[in-house]
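I opened this one to see how the strands sit together and what surrounds them. My notes follow in the order I looked things up.

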Amino acid sequence: MAEKTIMLCCAAGMSTSLLVSKMQKAAESDGVDAEIFAAAAADADAKIEEKHPDVLMLGPQVRYLEGQFKEKLSIPVEVINMQDYGMMNGEKVLKEALSLIK
C-alpha cells in the first residue's frame with residue numbers, strides 16, 4: 001500500500017486521468033510513494049469509501065462541490081489551480097496535494 005493516497009475528482013474523470021499520469025511521473029522522479037487516482041464526481045463517494053484518500057483535489061469544473069466535500073470529509077479538500085490544471089502541470093498539483101497532507 002502506498003504511503004499517501006491522492007484522489008482527483010472532475011466532471012467525468014477523463015481530464016483528470018491525464019493529470020494523474022503526469023502526477024505519477026512527478027512522484028516517481030521525486031521518490032514519493034503515492035497512489036494517485038481520478039474519479040468522476042458521480043462516483044466520488046464510492047471511491048472515497050473504497051480507497052480512503054489522504055487528500056481530495058477537485059478539478060476547476062467541479063469547484064461547486066468543494067463545500068459539500070469539506071462538510072462531510074475529515075481530509076483536506078482543495079480545488080486545483082486553474083492554470084496548473086489547464087497546463088496539466090502534474091508536478092505543481094502533486095506538490096500542492098502533498099503540502100495539504102502534511
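**Strand pairing.** I began with strand E1 (residues 4–10), which pairs with E3 in the parallel sense over four bridges. One register point I noted is Met7, whose bridge partner in E3 is Leu56. I should say here that I am working with a predicted model.

On to the next pair: E3 and strand E4 (residues 77–79) also run parallel, with three bridges between them. Leu56 turns up again, as Val77 is its bridge partner in E4. I then followed the chain from E3 to E4; it passes through helix H3 (residues 66–72), and this β-α-β crossover is right-handed.

**Faces of E3.** Which residues of E3 are buried on each side? I found Val55 and Met57 on one side and Leu56 and Leu58 on the other, so both faces of this strand (residues 55–58) are covered. The general pattern is worth a reminder: side chains in a regular strand alternate between the two faces of the sheet.

**A look at Thr5.** I picked Thr5, which lies in strand E1. Is Thr5 buried or exposed? Its relative accessibility is 6%, and the cut-off for buried is under 20%, so Thr5 counts as buried. Next I listed its contacts, leaving aside neighbours within four places in sequence: Glu35, Phe37, Lys51, His52, Pro53, Asp54 and Val55. Val55 is a friendly face by now, being one of the buried residues of E3.

**Whole chain.** Stepping back, I counted five helices and four strands in the protein chain. Read along the sequence, they follow the pattern β-α-β-α-β-α-β-α-α.

What is the radius of gyration of the protein chain? I got 12 Å, which agrees with the value near 13 Å for a compact globule of 102 residues. The C-alpha trace spans about 35 × 30 × 20 Å along its principal axes. Buried residues make up 43% of the 102 residues. Taking contacts between residues at least 6 apart in sequence, I find that 64% join residues at least 24 apart. The accessible surface comes to about 5,700 Å², and carbon and sulfur atoms account for 50% of that.

**Record check.** Last, I looked at UniProt, where an unreviewed entry lists "domain: PTS EIIB type-3" for residues 3–102. Over residues 3–102 I noted 49% helix and 21% strand, with the end C-alpha atoms 12 Å apart.

Note on methods:
Residues are numbered from 1 along each chain as its sequence is written. This is a predicted model: local features need pLDDT of at least 70, side-chain atom pairs count only at pLDDT 80 or more; totals for chains, interfaces and linings use all residues. Side-chain values use heavy atoms; hydrogens and water are left out. UniProt positions are given in the numbering used here, feature names are shortened, and annotations may be inferred rather than shown by experiment. Helices (H or I, at least four residues) and strands (E, at least two) are DSSP runs, numbered from the N terminus. Buried means under 20% relative accessible area, exposed over 50%, partly exposed in between (1.4 Å probe, protein chains only). Two strands pair if DSSP finds at least two bridges between them. A crossover is right-handed if, with the strands pointing away from the viewer, the path from the first strand over the helix to the second runs clockwise. The radius of gyration is taken over C-alpha atoms; the globule rule is 2.2 Å times the number of residues to the power 0.38. Contact means heavy atoms within 4.5 Å. Accessible areas come from the Shrake-Rupley method with a 1.4 Å probe; for residues, only the protein chains shown count as cover.
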